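Colleague: Mind walking me through this one? I'd like to start with the whole chain and then zoom in.

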Amino acid sequence: MTAVFLNRARVLIAIVGLTALAAVSGGCGSSAPTATAPVASIAASPASPSITAAPAPALAVLAGDRYFGTALELPHLDRDQAYAALAAEQFSQATAENAMKWQVVEPTRGQFSWSGADEIVAFAEANNQLVRGHTLVWHNQLPGWLTAGSFSSAELKSILKDHITTEMSRYKGKVYAWDVVNEAFDDDGTWRESIWYENLGEEYIADALTWAHEADPTAKLYLNDYDIEAIGPKSDAWYNLVKSLQAAGVPIDGMGFQGHFDLQYPFPTDMAQNMQRFADLGLEVAITELDVRVNTPATAADLATQADYYEQAVQACLAVRTCVGITVWGFTDKYSWVPFTFRGEGEACLWDENMASKPALTAVQAALAAKP
Ligand code: G3I
């Protein structure tokens with residue numbers, strides 16, 4: 001973990017710890033303990049018979065000097081008070097689920113629309129949350145003018161550079177880390193046939209990182225992907241790419257492991273070992289989009305297994321010293337992206353669709369609380 005991150009995180013945790021305890025005590029009932037009293041000791045006190053169970057500290061607090069974050073989606077922040085309250089209370093980091101993507105911020109060439117991204121950054125600032133920027137170079141959620149356009153390689157390169165430079169400059173000093181390149185490989189470890197790879201070749205990655213570093217030299221620059229939690233062809237491809245980028249002197253700070261798990265597949269028990277090999281290259285690592293989908297409706301047994309997957313993912317991060325934090329990809333089943341993408345699957349989050357906590361939340365709290 002870098003000194004810069006540690007310093008920022010310590011300040012953040014001190015602030016978040018106080019506000020989160022205040023939020024927990026204020027948000028869970030009028031007889032709850034005050035912000036300054038230790039929650040556990042009040043719960044145990046025989047002088048407080050009306051208090052039967054202490055509210056758990058916020059995930060942000062339990063995570064200590066790591067962050068615990070969530071993806072945030074705009075209409076819900078604006079329209080759903082319970083959603084906004086939980087987002088503010090529990091988390092020390094925020095990622096825009098969609099609001100910083102190319103399709104949203106540059107729907108017309110050279111014309112930027114920042115309202116959604118600005119709102120999420122302002123929410124995070126107001127709640128002392130770090131911001132992870134997501135995402136600058138991706139094959140998905142690109143605007144029609146870009147995907148349907150006909151550009152020379154040189155022009156496409158300049159479009160990409162302008163986009164990265166403009167977006168990063170706007171949030172310079174406000175976004176702690178950027179997912180600069182997202183999902184560049186297929187599952188078998190070959191290059192994904194994207195607009196970027198097809199037109200610019202694999203150099204687009206080094207170029208993007210270099211331009212990103214020029215735009216905000218203090219931002220942490222990440223590569224990010226799904227299905228790379230285990231050691232295998234896809235994570236090997238990233239590992240080899242990182243080594244060659246580093247050998248070429250390309251700026252790179254972190255590797256993001258999305259962590260979209262599915263109960264249909266076994267949990268990758270070598271996740272910590274895999275993250276550690278990237279950490280051993282000198283990178284920060286992070287779990288950037290954690291969720292665990294199940295076939296719906298979930299049974300009690302499914303929810304117990306889901307809790308176990310969440311716990312193992314948290315433990316994998318905790319086992320790696322430079323795993324700087326964990327982000328869940330939404331925290332409530334009410335708004336999860338999963339059912340829209342995987343028919344018959346869902347219930348992937350820590351809170352259910354009524355914002356009631358699930359066994360997975362208890363498991364994550366316990367795993368964080370048990371950290372060394
Ligand atoms: O904003 C439009 C709205 O105007 C329209 O009425 C509606 C109709 O379907 O669509 C809305 O856009 C949707 C957008 O989410 C915002 O809700 C898109 O259709 C939908 O495709 C989009 O899905 C997002 C998905 O990325 C796109 O690939 C998910 O919310 C988002 O959670 C998901 O996130 C990705 C990460 O960025 C990268 N890793 C995988 C992860 C899950 O797929």
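Colleague: What percentage of the 372 residues in the chain is buried?

Modeller: First, a caveat: this is a predicted model, where local features need pLDDT of at least 70, side-chain atom pairs count only at pLDDT 80 or more, and totals for chains, interfaces and linings use all residues. Residues are numbered from 1 along each chain as its sequence is written. Buried means 20 or more other C-beta atoms, placed from the backbone, within 10 Å of a residue's own (exposed is 12 or fewer, partly exposed in between). On that count, the buried share of the chain is 47%.

Colleague: Which residues of helix 12 are exposed on the face turned away from its buried side?

Modeller: Helices here are DSSP runs of H or I with at least four residues, strands are E runs of at least two, and both are numbered from the N terminus. In helix 12, the buried set is Lys234, Ser235, Ala237, Trp238, Leu241 and Val242. They cover an arc of only 150° (taken from the directions from the helix axis to the C-beta atoms), so they sit on the same side of helix 12. The face turned away carries the exposed Asn240, Lys243 and Ala247.

Colleague: And what do the buried residues of helix 12 pack against?

Modeller: Contact here means C-beta atoms, placed from the backbone, within 7 Å. By that test, the partners of the buried residues are strand 5 (220-225), strand 6 (254-257) and helix 13 (271-279).

Colleague: Which residue just after helix 12 has a positive phi?

Modeller: Follow the chain just past the end of helix 12. The phi there is about 80°, and the residue is Gly249.

Conventions:
Contact = placed C-beta atoms within 7 Å.
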